[in-house]
Amino acid sequence: MTIRPIVITGEPVLHTRAANVTEFDEDLRTLIADMYETQDAAHGVGLAAPQIGVGLRVFTWNMRNDDGVPTIGHIVNPYVKASRPADGEPDRHEESEGCLSVPGYSFPLRRGASADVSGYDQDGNEISFTATGWFARCMQHEYDHLQGFLYVDRLLPKWQKKAKKAVRAEGWGTPGHTWMPGVDRDPFGHDDADEPDGDAD
């Protein structure tokens, strides 16, 4: 297993729809193992393959849930159908998201309270479940990555303006920016004793 660099917004792979996995082989298993290792080192609750520069439809998670789904898992060629988000302004304290590809920032975003998830495991076996609460948010966030979107693309205008300002201030928004989990300073301030808590994926 290898910890891989995480690419930052502006890298084309993050803004392009990922390709379907066609071979359920050792290369896929190695990719997923590396994603688990990278997710763990980054203290992330989820990680999509495009975030490590691989344009394939795969994501992993590490998140406790109330839906009977294993805390640590992965899905290949997923389809995620979310419920309609409630109307109104998101709560900046209770509904903020972060992203390992926009490291160190979080902004409020309202998501659907549940999501139906289906796809395959690394051996080609079918997976399906319904996610709720923050786990549903995680599933929607990771699925967006595979569609070529970041959560900041979905923000309400006033928050999107703040996000764009932050990206410009960091010098991101162009190809070539990465950070290395376990080597670079943790952008979300976790230490080795922390567990993923739902704030960055």
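These are my notes on the sheet and the largest pocket of this predicted model.

**Sheet**

I looked up the strand order first. I found 5 strands in an open sheet, ordered 2-3-4-7-8, with antiparallel pairing. Strand 2 (46–48) and strand 8 (126–132) are at the edges; each has a single partner strand, so one side of each lacks a neighbour in the sheet. From one strand to the next, I noted a twist that averages 40°.

**Strands 4, 7 and 8**

I then went through the pairings of strand 7 (residues 114–120). With strand 4 (residues 72–82), strand 7 runs antiparallel and is joined by 5 bridges. Across this pairing, I found Tyr120 of strand 7 opposite Val76.

I checked the helix that lies against the sheet. Helix 1 (residues 26–41) packs there and touches strand 2, strand 3 (58–62) and strand 4. I noted an angle of about 40° between the directions of helix 1 and strand 3.

Strand 7 is also joined to strand 8, by 7 bridges, and the two run antiparallel. I listed one bridge pair here: Asp116 with Thr130 in strand 8. The two strands make a hairpin with 5 residues between them. In the turn, I found that Gly124 has a positive phi of about 90°.

**Largest pocket**

I looked up the volume of the largest pocket, which is about 320 Å³. It is lined by 17 residues, and Pro85, Arg110, Arg111, Gln140 and Arg154 are the closest to its centre. Strand 4 and helix 2 (133–147) are the elements that give two or more residues to the lining. Helix 2 gives the most, with 4 residues. By type, I recorded 8 nonpolar, 5 polar and 4 charged residues in the lining.

How values were computed: Residues are numbered from 1 along each chain as its sequence is written. This is a predicted model: local features need pLDDT of at least 70, side-chain atom pairs count only at pLDDT 80 or more; totals for chains, interfaces and linings use all residues. Side-chain values use heavy atoms; hydrogens and water are left out. Two strands pair if DSSP finds at least two bridges between them. Axes are lines fitted to C-alpha atoms, for helices over the stretch in contact, and angles run from 0 to 180 degrees between N-to-C directions. Contact means heavy atoms within 4.5 Å. On a 1 Å grid over the protein atoms alone, a cavity is a set of points where a 1.4 Å probe fits but cannot get out, and a pocket is an open set with protein on both sides within 12 Å along at least five of seven lines; lining residues have an atom within 4 Å of a point. Grid points are joined across faces, edges and corners, and a volume is the space filled by probe spheres set on the points. Ala, Val, Leu, Ile, Met, Phe, Trp, Tyr, Cys and Pro count as nonpolar, Asp, Glu, Lys and Arg as charged, and the others, Gly among them, as polar.
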